[in-house]
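Thanks for coming, everyone. Please have a look at the structure on the screen before I begin, and stop me if anything goes by too quickly.

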Amino acid sequence: MPKNSKVVKRELDDEVIESVKDLLSNEDSSDDAFKKSELMVDDQEEKDVDVEEGSDVEDERPAWNSKLQYILAQVGFSVGLGNVWRFPYLCQKNGGGAYLVPYLILLLIIGIPLFFLELAVGQRIRRGSIGVWNYISPKLGGIGFASCVVCFFVALYYNVIIGWSLFYFSQSFQHPLPWDQCPLVKNASHTFVEPECEKSSATTYYWYREALNISSSLSESGGLNWKMTICLLAAWVMVCLAMIKGIQSSGKIMYFSSLFPYVVLLCFLIRGLLLNGSVDGIRHMFTPKLEIMLEPKVWREAATQVFFALGLGFGGVIAFSSYNKRDNNCHFDAVLVSFINFFTSVLATLVVFAVLGFKANIINEKCVTQNSEKILKLLKMGNLSQDMIPHHINFSSITAEDYNLVYDIIQKVKEEQFDSLGLKSCQIEDELDKAVQGTGLAFIAFTEAMTHFPASPFWSVMFFLMLVNLGLGSMFGTIEGIITPIVDTFKVRKEILTVICCLVAFFIGLIFVQRSGNYFVTMFDDYSATLPLLIVVILENIAVIRIYGIDKFMEDLKDMLGFSPSQYYYYMWKYVSPFVLLCLLVASIVQMGLSPPGYNAWIEDMAMEEFHSYPTWGMIVCISLMVLAILPVPIVFMVRRCNLIDDSSGSLASVSYKRGRIIKEPVNLEGDNTSLIHGKSPSEVPSPNFGKNIYRKQTGSPTLDTAPNGRYGIGYLMADMPDMPESDL
């Protein structure tokens with residue numbers, strides 16, 4: 001035994017006695033101090049000296065500057081491009097105003113409860129997605145890695161959409177707008193309109209030919225589109241600069257990127273309501289079709305939209321909430337952000353259909369004018385009798401109502417010959433029924449409507465700047481879902497990791513700025529996230545409710561919030577949400593199996609889209625995306641199950657309590673044969689050092705499972721020191 005062993009033992013005894021007294025006094029008289037305790041899981045080398053010297057350990061984890069900044073970050077992440085170009089389409093397609101009923105029901109059943117769960121877990125454990133699930137059970141650590149992989153896949157193509165928006169934004173500073181009219185082609189003898197544009201429309205031609213310069217199939221690469229390559233680089237530079245300091249840099253940008261879209265949406269709504277036909281669009285939008293609401297497909301699409309609108313499973317929600325104080329009211333945050341997201345979708349729907357109603361009104365007026373001229377020609381040729389036409393009809397200034405009256409009369413009188421006359425029914429509802437979504441809505445339909453606005457360049461600049469901000473807000477959360485877990489787990493420098501991540505993503509993203517890149521965006525959007533995220537969220541629910549324990553989790557929530565959450569969440573988490581998620585997973589698999597895998601290719605000669613099936617290598621890529629995204633879950637499970645790697649260092653399980661703080665215990669040291677948290681056998685767990693391990697498992701205490709225990713879910717374990725008098729305890 002070393003000469004100074006008695007001195008070491010005396011110092012150890014004094015420290016244990018003092019610390020235990022502190023712990024007991026805190027437990028008895030100052031319960032609030034425990035509620036404000038914070039979880040620190042750092043490298044073994046960090047803060048060990050503080051434990052030895054008895055000093056307080058400071059939590060160096062970054063924190064939000066204000067509650068408003070945090071709420072704006074969560075709103076910016078959850079409110080994205082899907083609210084503007086996906087929700088209105090689903091609302092129109094699935095029964096108009098009636099679609100809001102299943103959406104709200106599913107928001108209450110799976111949306112808010114699961115969003116609340118992710119917020120609470122991140123805030124409680126104060127780690128990213130990898131650390132959170134590794135903490136609950138190391139065998140489930142693959143859930144966090146799977147979230148990171150999905151985030152990376154989504155970030156690859158999502159930033160391409162921001163690049164497209166940047167391109168249109170840069171082209172909006174001119175009058176007239178470049179997509180206002182079809183270009184003219186000159187040859188040696190005469191000038192004529194570009195055939196591809198003449199067969200489609202000016203905005204459609206500009207999107208496919210000028211912006212994307214799209215190829216005719218997935219297999220035809222066509223080389224890089226240099227304009228979009230520059231825009232993609234600019235988008236990644238913006239993301240990198242905003243994220244390089246983590247929430248300390250991105251948090252400040254949130255004030256603009258999260259609030260600016262609301263300013264633009266309100267401006268568009270006010271301007272749209274002043275346009276002819278806008279009320280027709282809104283009326284058409286919210287006219288309920290109750291019979292459609294009973295179809296299972298409507299509920300499946302509503303559940304999918306709720307699921308993705310809140311960003312569940314990506315890890316961004318957990319990452320953002322991990323920077324909160326432990327006593328933050330995350331229940332209020334979950335309800336607030338969920339309903340902000342919902343009302344944003346409704347606001348965007350009002351704007352979209354006010355503008356589309358205006359566009360439909362213009363198209364309908366052109367239809368009336370053209371068909372009125374046809375009727376006049378038929379009257380002059382004698383194919384129609386003047387007696388059919390009511391006397392009050394004036395074809396030089398005919399209204400849509402008068403034209404439809406004449407149309408109905410001609411259709412009844414000339415029933416057998418009517419088809420040969422070539423007349424069309426000009427109904428504004430027919431135009432509004434042409435459902436568009438995604439890029440078709442943003443870059444074709446909406447841009448066409450804006451060309452008819454007074455001061456159209458101004459509105460175009462505002463619209464595409466709004467899209468850029470909506471995209472950036474979601475990108476910040478997506479990148480945070482990658483960076484935070486890796487930094488927490490592997491202790492790399494955030495600045496270096498951010499730069500490397502953005503560089504790698506940019507170079508991989510070059511496949512999306514080929515001439516065939518739009519088809520790859522469709523592929524990734526369809527296959528890289530849907531099924532993997534559903535599986536991830538189902539496993540998250542199982543991890544918290546079954547493995548960690550729902551009763552223990554409810555106790556943790558009570559300690560964090562200061563009040564017991566409603567039993568509603570207990571039953572939602574334990575029974576309803578898992579069942580609904582499983583049904584959604586099965587329905588998504590069935591839908592994917594029934595829908596032929598393919599994409600809509602733009603055919604230049606016909607100036608229209610044509611459905612193409614994926615080639616064999618394309619199918620392999622689609623399957624690989626899904627497999628790679630979910631593969632970390634079984635790999636980590638088998639590695640942990642079979643003890644294939646040494647898990648003694650960097651374990652998130654080894655924690656103890658000291659002076660109002662939770663700190664990491666060194667685990668790969670000598671002198672003990674028991675585990676602090678995970679109830680492992682002496683052979684499985686390295687022994688902690690006597691001089692540093694202050695609180696250890698008591699002899700005879702029950703073995704702990706994979707989830708931490710105790711009043712606050714940590715398990716405050718005191719040392720069983722053989723030479724310590726009982727009176728000292």
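I will talk about some aromatic rings and then about two helices. Please keep in mind throughout that this is a predicted model.

Let me begin with the rings, where a general point helps: a pair of aromatic rings is described by the distance of the centres and the angle of the planes. The structure holds 56 aromatic pairs, and one of them is formed by Phe87 and Tyr103, whose ring centres are 5.1 Å apart and whose planes stand at 85 degrees, so we call this pair edge-to-face. Because Phe87 belongs to helix H6 and Tyr103 to helix H7, the pair ties together parts that are 16 residues apart in sequence. Both partners are buried, with a relative accessible area of 0% for Phe87 and 1% for Tyr103.

A ring can also have a charged neighbour, and here Lys552 lies over the face of Tyr548, at 5.2 Å from the ring centre.

Now to the helices, starting with H4, which covers residues 67–78 and reaches 17 Å from its first C-alpha to its last, close to the 16 Å expected. Ten of its twelve residues are buried, so H4 is largely enclosed by the rest of the structure; among the buried ones are Tyr70, Leu72 and Phe77.

Helix H23 runs over residues 456–490, and its end C-alpha atoms are 50 Å apart, which agrees with the 51 Å that its 35 residues should span. Even so, H23 has a kink of about 25 degrees, centred on Glu480. This helix is mostly covered, with 30 of its 35 residues buried, and just after H23 comes Lys491, which takes a positive phi of about 55 degrees.

Methods: Residues are numbered from 1 along each chain as its sequence is written. This is a predicted model: local features need pLDDT of at least 70, side-chain atom pairs count only at pLDDT 80 or more; totals for chains, interfaces and linings use all residues. Side-chain values use heavy atoms; hydrogens and water are left out. Rings of Phe, Tyr and Trp (its six-membered ring) pair if their centres lie within 6.5 Å; planes under 30 degrees apart count as stacked, over 60 as edge-to-face and the rest as tilted. Helices (H or I, at least four residues) and strands (E, at least two) are DSSP runs, numbered from the N terminus. Buried means under 20% relative accessible area, exposed over 50%, partly exposed in between (1.4 Å probe, protein chains only). A charge sits over a ring if NZ of Lys or CZ of Arg is within 6 Å of the ring centre and within 35 degrees of the ring normal. The expected span of a helix is 1.5 Å times one less than its number of residues. The bend at a residue is the angle between axes fitted to the seven residues ending there and the seven starting there.
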